Amino acid sequence: MQRIAIIQGQNAVVAEPNWLITTLLGSCIAVCLYDPVARVGGMNHFLLGEPGRERNLTPQDMQRYGVHAMELLINGMMSKGATRQRLRAHLYGGANIIAGLGSIGSSNAGFARRFVETEGIAIGHADVGGNRARKVEFLPYEGRARSSTVTDPLPLPLPSPKPLLPAVAGELELF
Amino acid sequence: MPAAAAIKVMVVDDQTSMRAMIRRALQDIGFKDVRDKPTAAEALAAVKSDRVHLIISDYNMPDMDGLQFLEEVRSDGVIGKTVFIMLTGSSDREVVQRAAALGVNNYLVKPFAPAALKDKIERVFGALS
């Protein structure tokens with residue numbers, strides 16, 4: 001069994017047997033998507049649900065949000081042969097772990113549920129909320145996932161992935 | 001200075017949540033007439049029957065992608081000059097070059113901030129009031 005561990009801001013999509021995707025979650029959310037016919041599965045891990053009406057958001061800020069993370073995951077699934085209408089989801093995370101951060105975990109969990117319902121994606125298994133960190137393991141080819149609570153505290157802050165955006169100098173200037 | 005409220009916009013993206021987010025951003029800028037469709041085929045039919053001034057379309061869509069949609073728009077004698085802004089992923093440099101060759105007016109890389117959306121629109125229409 002080959003293993004892919006993802007952290008906040010990342011996703012992984014696999015269309016082969018004998019792969020396991022795993023992540024550790026606190027208030028963040030991991031959505032596992034799978035297409036049972038194409039046998040494609042993928043998982044993401046995002047920090048926040050969707051932006052409010054803040055005016056000074058940067059593209060880097062936007063990468064933290066689930067609305068972007070979900071698009072990347074769905075596009076990745078479709079590029080490997082999945083069909084949107086067949087997608088099913090498992091939802092994990094959204095714990096309210098850290099005193100002083102309010103109910104950010106609950107907000108994240110609410111976003112995840114709203115998102116998959118809005119997009120017409122059926123929910124298989126959901127383990128969200130509470131106040132304990134979780135470890136999630138997902139078999140993408142089978143579409144099966146499981147979560148377990150983590151006794152040891154998560155290291156904070158979680159490591160940030162390398163920036164996914166190209167340097168501004170790499171953009172094409174049309175006008 | 002064109003008034004955003006007078007510009008009719010069609011937003012095309014296969015993800016409902018993304019369409020809603022773009023609509024909110026446009027409404028915050030001042031646009032009042034914002035329509036949206038989940039597929040390029042539906043959007044094409046809609047803008048042919050009721051013209052808009054601006055199309056904001058995702059590239060990565062099933063069936064007809066953003067480039068095919070752009071090509072259909074540009075080849076139409078009636079709606080061919082409609083302003084077209086394409087939304088792309090960060091790794092779609094080739095897509096942008098092909099879109100430029102097809103006559104796209106501008107493009108925006110996802111994820112984008114609302115201010116970037118306004119900037120791209122103003123580069124085509126001029127400063128909005």
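**Exercise 1. Describe the surface and overall build of chain B in this predicted model.**

Solution.
- Start with the surface. Chain B has an accessible surface of about 5300 Å², and carbon and sulfur atoms own 48% of that.
- Look inside. Of its 129 residues, 53% count as buried.
- List the elements. Chain B holds five helices and five strands. Read from the N terminus, they run β-α-β-α-β-α-β-α-β-α.
- Judge compactness. The radius of gyration of chain B is 13 Å, close to the 14 Å from the globule rule for 129 residues, so chain B is as compact as a globular protein of that length.
- Add the box. The C-alpha atoms of chain B fill roughly 35 × 30 × 25 Å along the principal axes.

**Exercise 2. Lay out the five-stranded sheet of chain A.**

Solution.
- Write the order. The open sheet of chain A runs E2-E5-E4-E6-E7, with mixed pairing.
- Find the edges. Strand E2 (11-14) and strand E7 (122-128) of chain A each pair on one side only.
- Take one pair. E2(A) and E5(A) are antiparallel over four bridges. A:Val14 has A:Gly41 in E5(A) as its bridge partner.
- Place the helix. Helix H3 (residues 104-118) of chain A lies across strand E4 (29-35), strand E6 (88-93) and E7, at about 175° to E7(A).

**Exercise 3. Is A:His45 buried or exposed?**

Solution.
- Locate the residue. A:His45 sits in the loop between strand E5 (40-44) and helix H1 (59-62) of chain A.
- Apply the cut-off. Buried means under 20% relative accessible area. A:His45 has 2%, so A:His45 is buried.
- Check for a partner. The side chains of A:His45 and A:Thr23 share a polar contact of 2.7 Å.

Definitions and conventions: Residues numbered from 1 in each chain as written. Chains lettered and ligands numbered in written order. Predicted model: local features only at pLDDT ≥ 70, side-chain atom pairs only at ≥ 80, totals over all residues. Heavy atoms only, no water. Helix = DSSP H or I, 4+ residues; strand = E, 2+ residues; numbered from the N terminus. Buried < 20%, exposed > 50% of the residue type's maximum accessible area, 1.4 Å probe, protein only. Polar contact = N/O pair within 3.5 Å; in protein donor to acceptor, adjacent residues only side chain to side chain. Pairing = 2+ DSSP bridges. Contact = heavy atoms within 4.5 Å. Axes fitted to C-alpha atoms, helices over the stretch in contact; angles between N-to-C directions. Rg over C-alpha atoms; globule rule 2.2 N^0.38 Å. Areas by Shrake-Rupley, 256 points an atom, 1.4 Å probe, with all protein chains shown as cover.
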